[in-house]
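Student: I'd like a close look at one small part of this model. Could you walk me through it in one go?

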Amino acid sequence: QVQVVESGGGLVQPGESLRLSCAASGNIFKIYAMNWYRQAPGKQRDLVAVITNGGSTNYADSVKGRFTISRDDAKNTVYLQMNSLKPEDTAVYYCNVRAMPRGIIRVDDYWGQGTQVTVSS
């Protein structure tokens, strides 16, 4: 019913920047929060950044001041601008969209397949 696709990952050197994108599509009535998570090898999936449908944002302490989350509701898209990247930012980044499909009075979480970000010299 709702598809979520991330893009923009890659290999960068420490100090460089990347911009991740995540587009939601399908039978969508309303999108609420749009979030980014990440999971490093052997570790749990952690919340990185949140943006509500009202535009409020919140960040993990480890990325505050370096990452910026934003959204374009006309495109059902959320972005994650990542600056001053560090090796410890290396992970698979997942997009999570909280949405209500058309015809179903229920809000569910929808996940993308993930995009790899590697920060290495």
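Student: Is Ser-21 buried or exposed, and what surrounds it?

Tutor: Quick ground rules: this is a predicted model, where local features need pLDDT of at least 70, side-chain atom pairs count only at pLDDT 80 or more, and totals for chains, interfaces and linings use all residues. Residues are numbered from 1 along each chain as its sequence is written, and side-chain values use heavy atoms, leaving out hydrogens and water.

Ser-21 is buried, because its relative accessible area is 19% (buried means under 20%, exposed over 50%, partly exposed in between, with a 1.4 Å probe and protein chains only). Ser-21 sits in strand S3, residues 18–26 (strands are DSSP runs of E, at least two residues, numbered from the N terminus). Setting aside neighbours within four places in sequence, Ser-21 is in contact with Val-5, Glu-6, Ser-7, Trp-36, Val-78 and Tyr-79 (contact means heavy atoms within 4.5 Å).

Now the sheet: 4 strands form an open, antiparallel one in the order S1-S3-S8-S7 (two strands pair if DSSP finds at least two bridges between them). S1 and S7 are the edge strands, each pairing on one side only. S1 and S3 pair over 6 bridges, in the antiparallel sense, and Glu-6 has Cys-22 in S3 as its bridge partner.

Trp-36, one of the contacts of Ser-21, is also among the residues with the most contacts inside the largest nonpolar core, which has 30 residues (such a core is a set of buried Ala, Val, Leu, Ile, Met, Phe, Trp, Tyr and Cys residues joined through side-chain atoms within 4.5 Å). S3 is among the elements that give two or more residues to this core, while S9 gives the largest share, 5 residues.
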